[in-house]
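Please look over the sequence and the model below, with attention first to open spaces among the atoms, then to one residue, and finally to strand pairing.

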Amino acid sequence: MAASPLKSASRAPEIPEYRSPEVAPDGRVTVRYYHPAAREVSCEWDWKNWAPTPMQRDAAGLWSCTTEPLPPDIYEYSLFADGARVIDYQNPSSKNRFAFFAHVPGGRIFEPRGAPHGTVHTHWYRSPVTGGPRRMHVYTPPGYEAGGEPLPALYLLHGAGDDDETWVRTGRMNFIMDNLLAEGRARPTVVVMPDGHILGANWKEDREAKIRAFAEEFHRAVIPEAERLYRIAAGPKLRAMAGLSMGGGQTLAVGMTRPEMFGAFGLFSSGLWPEITPMIEAALPQLRAHAPDPLWIGIGRRDFLYEHCALLRRTLDQGGVQYGCHEDDSTHCWRTWRDYLERFAPLLFRGP
């Protein structure tokens with residue numbers, strides 16, 4: 001009598017229970033990944049500038065690696081199995097499908113501290129450029145709903161691998177602003193975070209057309225929509241623009257070429273791309289005349305855009321444009337940009 005195929009079929013091995021990531025009290029972080037058939041698994045961390053760390057396999061096929069003790073922060077990592085990028089299924093905290101976060105707590109500015117909280121709004125509008133729906137996120141400070149005087153506005157732009165929600169989801173800008181306000185280090189501000197991707201998400205392709213399209217979108221839709229819907233003060237002295245990486249390039253091309261519209265600029269891990277260089281060179285006399293305060297640059301010496309930033313600084317120096325620069329040993333990652341926002345926001349709107 002033949003055996004039942006249901007009884008004879010081999011059972012798949014049970015996946016062991018495990019946690020990933022697991023943060024120890026001393027700040028060590030252990031990342032795990034289950035893949036019995038993999039020959040090689042590695043973890044790449046932002047704090048190691050994405051150098052691969054080999055993971056070790058146990059008898060059940062569970063791979064793991066543990067960091068040295070890390071100071072309080074939110075760290076980003078990616079996993080690779082046999083050369084392919086894979087998903088840490090145990091970790092719900094991610095920027096996208098393949099970038100994950102491990103939080104080593106410790107009272108940092110981006111953590112809730114019991115201070116009054118502002119509100120993050122999601123706003124949809126119809127684009128005059130694409131004709132389709134577009135989205136932006138807007139932060140209003142604690143007490144905004146009670147009414148009062150119009151507030152200054154910061155237009156805060158994301159990077160190429162992000163969207164308009166990332167400054168909140170990953171950058172924790174709402175908690176940063178809440179805590180700065182509670183400490184008296186910043187002025188109540190409406191923060192407008194538009195979607196920087198237009199005409200496709202690849203910033204490297206057809207960059208000049210994307211810059212033109214975003215400039216039209218920004219000036220025809222983003223600023224007017226924000227000022228129509230929110231209690232935002234009029235005039236350039238109470239309007240600032242800042243961005244990271246791609247968003248820094250957009251700040252250069254879209255904002256700093258129109259310095260009469262803004263009182264301050266922030267450039268986080270950014271610099272001059274070939275398409276943007278002639279725009280800034282042409283705008284140097286206007287930048288010198290309007291003297292944005294501050295024109296603030298933040299860059300890490302291990303950032304792959306360091307030379308772009310060095311070119312920008314030489315260009316501004318040659319044009320006689322005053323600026324401030326914070327240079328550190330950071331890499332191109334969200335740990336850097338959270339720090340830069342904490343440094344930049346208190347410099348804004350300091351006049352009467």
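In this predicted model, the largest pocket is lined by 28 residues, and those that lie nearest its centre are Lys-95, Ala-160, Gly-161, Phe-304 and His-332. Two elements, strand E7 (73-81) and helix H8 (334-344), are the ones that give two or more residues to this lining. Sorted by class, the lining of the largest pocket consists of 14 nonpolar, 7 polar and 7 charged residues, and the space that lies in this pocket comes to about 650 Å³.

The second largest pocket holds about 240 Å³ of space, and among the 16 residues of its lining, Trp-47, Pro-71, Asp-73, Tyr-75 and Arg-335 are the closest to the centre. E7 and H8 are again the elements that give two or more residues to the lining, with H8 contributing the largest share, 3 residues. By class, the lining of the second largest pocket has 6 nonpolar, 3 polar and 7 charged residues.

A single residue, Thr-166, can be followed next. Thr-166 has its place in helix H2, which covers residues 166-169. Is Thr-166 buried or exposed? Its relative accessibility is 0%, and because buried means under 20% relative accessible area, Thr-166 counts as buried. The side chain of Thr-166 reaches the backbone nitrogen of Asp-163 at 2.9 Å. When residues up to four places away in sequence are not counted, Thr-166 touches Lys-95, Gly-171 and Trp-334; of these, Lys-95 is also one of the residues that lie nearest the centre of the largest pocket.

The last part of the walk concerns strand E6 and its partners. Strand E2 (residues 29-34) and strand E6 (residues 62-66) run antiparallel and are joined by 5 bridges, and within this pairing Thr-30 stands opposite Thr-66 in E6. Strand E5 (residues 56-57) is also joined to E6, here by 2 bridges, and these two strands likewise run antiparallel. In that pairing Gln-56 stands opposite Ser-64 in E6. How many residues lie between the strands in the hairpin of E5 and E6? There are 4 residues between them, and in this hairpin Gly-61 takes a positive phi near 95°. For reading side-chain directions along such elements, it helps to recall that in a regular strand the side chains alternate between the two faces of the sheet.

Note on methods
Residues numbered from 1 in each chain as written. Predicted model: local features only at pLDDT ≥ 70, side-chain atom pairs only at ≥ 80, totals over all residues. Heavy atoms only, no water. 1 Å grid on protein atoms, 1.4 Å probe; cavity = no way out; pocket = protein on both sides within 12 Å on 5 of 7 lines; lining within 4 Å. Points joined across faces, edges and corners; volume = space filled by probe spheres on them. Nonpolar A, V, L, I, M, F, W, Y, C, P; charged D, E, K, R; others polar. Buried < 20%, exposed > 50% of the residue type's maximum accessible area, 1.4 Å probe, protein only. Polar contact = N/O pair within 3.5 Å; in protein donor to acceptor, adjacent residues only side chain to side chain. Contact = heavy atoms within 4.5 Å. Pairing = 2+ DSSP bridges.
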